[in-house]
Each structure stands twice: as structure tokens, then as C-alpha cells.
Amino acid sequence: MSTKRPRWTRIQNLELKNIALLSKWLYRLLTTDGTWQQIIRNKYLGTKPLVQVQWKSGDSHFWASLMKVKRDFLRFGNFVIKDGSQVRFWEDIWLGNSPLREQYPQLYNIVRKKQDTVAEVLRTPSPNLSWRRDLIGSKLVMWNNLVSRLANVVLTHDRDEFKWNLDQHGVFSVKSHYLGLINQIPNNMNKRIWKLKTPLKIKIFLWFLKRGVTLTKDNLAKRNWQGNQQCCFCHENETIQHLFFDCRMARLAWATVYAAWGIPKPRSFANMFGNWLNGLTKNLKQLVLVGAAALCWSVGLSGSAEIL
């Protein structure tokens, strides 16, 4: 009898495997009912759907972990609209093969309420949306196209359904999610880094970030550094993911990108050089990536100054 293990279990990316394992809890919470699901919903969801809930201070580490992987989970599934109460209008996949924020990025950038559900938007005869600017030119054309598609959407009193796109039967599995995450890692990330119009030292710095060897405190500890591993900006342990994307100081820095371009912060370094800027023109992508590279460089210098 062969003792070979399945290919997907031989050499694993533990970060992606952890995302897939945590996503199993999200899938069960979204699609099944039971005692533990009801307890979780009462404690963390309240009257909000799972897709709208965010981590907040005081939540357990387990719930915080689920909230961190939620986006990586939802992007591999789509919703079948029933009453529309569990699905975000702009952020979730329910009309077409991608979120409306990616199909209509110019509209998404100027809409006031980006987290409203389908039910909240379609509860009135005319879509319940408000804009920060007038709809003119290409934006008006996009809006008319979207309205014509919404005319075919009919809400019912049934509960929205979630389908897993990586399985022919629409059912989640850890294996399918892990393989989906692995296949999403962009092969041309190095090429994108070295083609950026930035000084060579910043390109090298980004390349180190991509390889995960930048000298954050967790990596220094692996080299027998005995210092305090807490982030210099907060009480969490410092890692590449934390320092550059999850720390409150990093989130504040990324908020400037959102204020300037209306683009949410990337979830990770791979996402930043992957599909983070899908929907933007090539020239605008390059411009935003240069700004993002400068932001990472500045955050890195701030962290290094505290370590040294």
C-alpha cells in the first residue's frame, strides 16, 4: 500500500493553512445553525450580519483571528440573494463574478455608505445610495448600467445563501481553500517590485519584506535577540504583518491612502502586489504602488529606530 501523502499536505505555507482552518468556522457560522452558532451571534453579531461585523477592542483573540481572515474567506464564495440582509451591496460577490466595488470602482470611490447591505440599498423603489460628488460623464454611464442590472433583482423573505466557488457542489473544505490561496500568490511579484520607480534601497527593502526576512522584532528574536518583542507603537508583538498592516499606527498611515484615493488598505504584502488595485488603470496602479512603497519604507524606518 502506498504511503504517499496528498500533494497539498506535503510542504505547506502555515500562514495560508491557518487562514483556511479558521475560515471553516466562518463557513459554519454563515451557513449552519446550532447552539454554538447562536452563542457567537448573540455575543459578537447582535443585529448585524457577519459580513458587516469588524473586530473591536475587548473581543477575544479567537474572534479577532476570524475577523482577520474573513476577507480571504469571502472572496472565494458568492451569495445567492434572497432577502438581502446578510450581503453587503458593494463588498460581497452577489451580482456577477466579483464585488461591485471592483466592477464599478469609480462609483465605489464616491459612494457615502460602503458597508450597506443589499436589503438596505434596495428597500426603496430607487436604489438607496448617496454620493459625495455628482454623477456625470463616465460615472453616470456606469450608474445607468448598474441600475439596469439591479432591475432584475427581486428580494424575498428567505435567508440569503452562501456558495463556495472552489467546489462543484458549493461546499467549503479546508483543502480547497488552502489550494485557492496558494494559487492566488502572484508569480510576478518580484517583477513588479523591481519595476517600481523608486530608489534601489527601497526596492531591496520591499524584496526583503516579500521574503519575510525584514528585521522586525520577531525575526530578530529568531537570531537570539533578547529585547522586548512588543511593537514600538502598541502592546502587540511585532511581526511584518502587524507592523506594516495591522498596527494602529500602520492603519492610520494607510488611512491617508484611503483619504487620497478611496482605496482600502491592503490585507498583506502579497495582496498589495497582487489584486489590491484591481480595477485601476495601469498608470494609476504604478502611482499608488510607489506611494505604498514609500509608506512601508517610512513605517519600517520608524520601527527600526525603536529597535536600534
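Angles of 65 to 115 degrees between helix axes count as roughly perpendicular. Helix 1 and helix 3 pack at an angle of about 90°, and they are therefore roughly perpendicular to each other. This is a predicted model, and the briefing below takes you through the packing around helix 1, the strand pair, and a few individual residues.

**Helix 1 with helix 3**

- The axes of helix 1 (residues 14–31) and helix 3 (61–74) are 8 Å apart where the two helices pack.
- On the helix 1 side, the residues that meet helix 3 are I19, L22, S23, W25, L26, Y27, L29 and L30.
- Their counterparts in helix 3 are F62, W63, S65, L66, M67, V69, K70, D72, F73 and L74.
- By class, this contact of helix 1 with helix 3 has 14 nonpolar residues, along with 2 polar and 2 charged ones.

**Helix 1 with helix 2**

- Helix 2 (residues 35–45) also packs on helix 1, at an angle of about 90° and with the axes 10 Å apart.
- Helix 1 and helix 2 are therefore roughly perpendicular to each other.
- Here W25, R28 and L29 of helix 1 meet W36, Q37, I40 and R41 of helix 2.
- The residues of this contact of helix 1 with helix 2 divide into 4 nonpolar, 1 polar and 2 charged.

**Helix 1 with helix 8**

- Helix 1 and helix 8 (residues 174–184) pack at an angle of about 140°, and their axes lie 9 Å apart.
- Angles over 145 degrees would count as roughly antiparallel, and helix 1 and helix 8 are therefore oblique to each other.
- The crossing of helix 1 past helix 8 is right-handed.
- From helix 1, the contact uses L16, K17, I19, A20, L21, S23 and K24, while helix 8 brings V174, H177, Y178, L181 and I182.
- Sorted by class, the residues of the contact of helix 1 with helix 8 are 8 nonpolar, 2 polar and 2 charged.
- Within helix 8, the buried residues are V174, S176, H177, Y178, G180 and L181.
- Those buried residues of helix 8 pack against helix 1, helix 3 and strand 2.

**The strand pair**

- Strand 1 (residues 77–80) and strand 2 (residues 161–164) pair in the antiparallel sense over 4 bridges.
- In strand 1 the side chains alternate: G77 and F79 point to one face and are buried, whereas N78 and V80 point to the other face and are not.
- Strand 2 has a covered face, made of F162 and W164, and an uncovered face, made of E161 and K163.
- F79 has F162 as its bridge partner in strand 2.
- N78 has K163 as its bridge partner in strand 2.

**F162, a residue of strand 2**

- F162 has its place in strand 2, and because its relative accessibility is 7%, F162 counts as buried.
- Beyond its neighbours within four places in sequence, F162 is in contact with Y27, L30, T31, F73, L74, G77, N78, F79 and G170.
- One of these contacts, N78, is 84 residues away from F162 in sequence, yet the two are 5.9 Å apart in space, C-alpha to C-alpha.

**R41, a residue of helix 2**

- R41 is found in helix 2.
- With a relative accessible area of 12%, R41 is buried, because buried means under 20%.
- Not counting residues up to four places away in sequence, R41 touches L29, T32, D33, G46 and R159.
- R41 and L29 are 12 residues apart in sequence and 8.3 Å apart in space, C-alpha to C-alpha.

**R149, a residue of helix 7**

- R149 has its place in helix 7 (residues 138–150).
- The relative accessibility of R149 is 24%, so R149 counts as partly exposed.
- R149 touches L95, G96, Q103 and Y104, leaving out residues up to four places away in sequence.
- R149 and D72 are 77 residues apart in sequence and 27 Å apart in space, C-alpha to C-alpha.

Key:
Residues are numbered from 1 along each chain as its sequence is written. This is a predicted model: local features need pLDDT of at least 70, side-chain atom pairs count only at pLDDT 80 or more; totals for chains, interfaces and linings use all residues. Side-chain values use heavy atoms; hydrogens and water are left out. Buried means under 20% relative accessible area, exposed over 50%, partly exposed in between (1.4 Å probe, protein chains only). Two strands pair if DSSP finds at least two bridges between them. Axes are lines fitted to C-alpha atoms, for helices over the stretch in contact, and angles run from 0 to 180 degrees between N-to-C directions. Angles under 35 degrees count as roughly parallel, over 145 as roughly antiparallel, 65 to 115 as roughly perpendicular and the rest as oblique. A crossing is left-handed if the near helix is turned anticlockwise from the far one by less than a right angle, and right-handed if clockwise. Contact means heavy atoms within 4.5 Å. Ala, Val, Leu, Ile, Met, Phe, Trp, Tyr, Cys and Pro count as nonpolar, Asp, Glu, Lys and Arg as charged, and the others, Gly among them, as polar.
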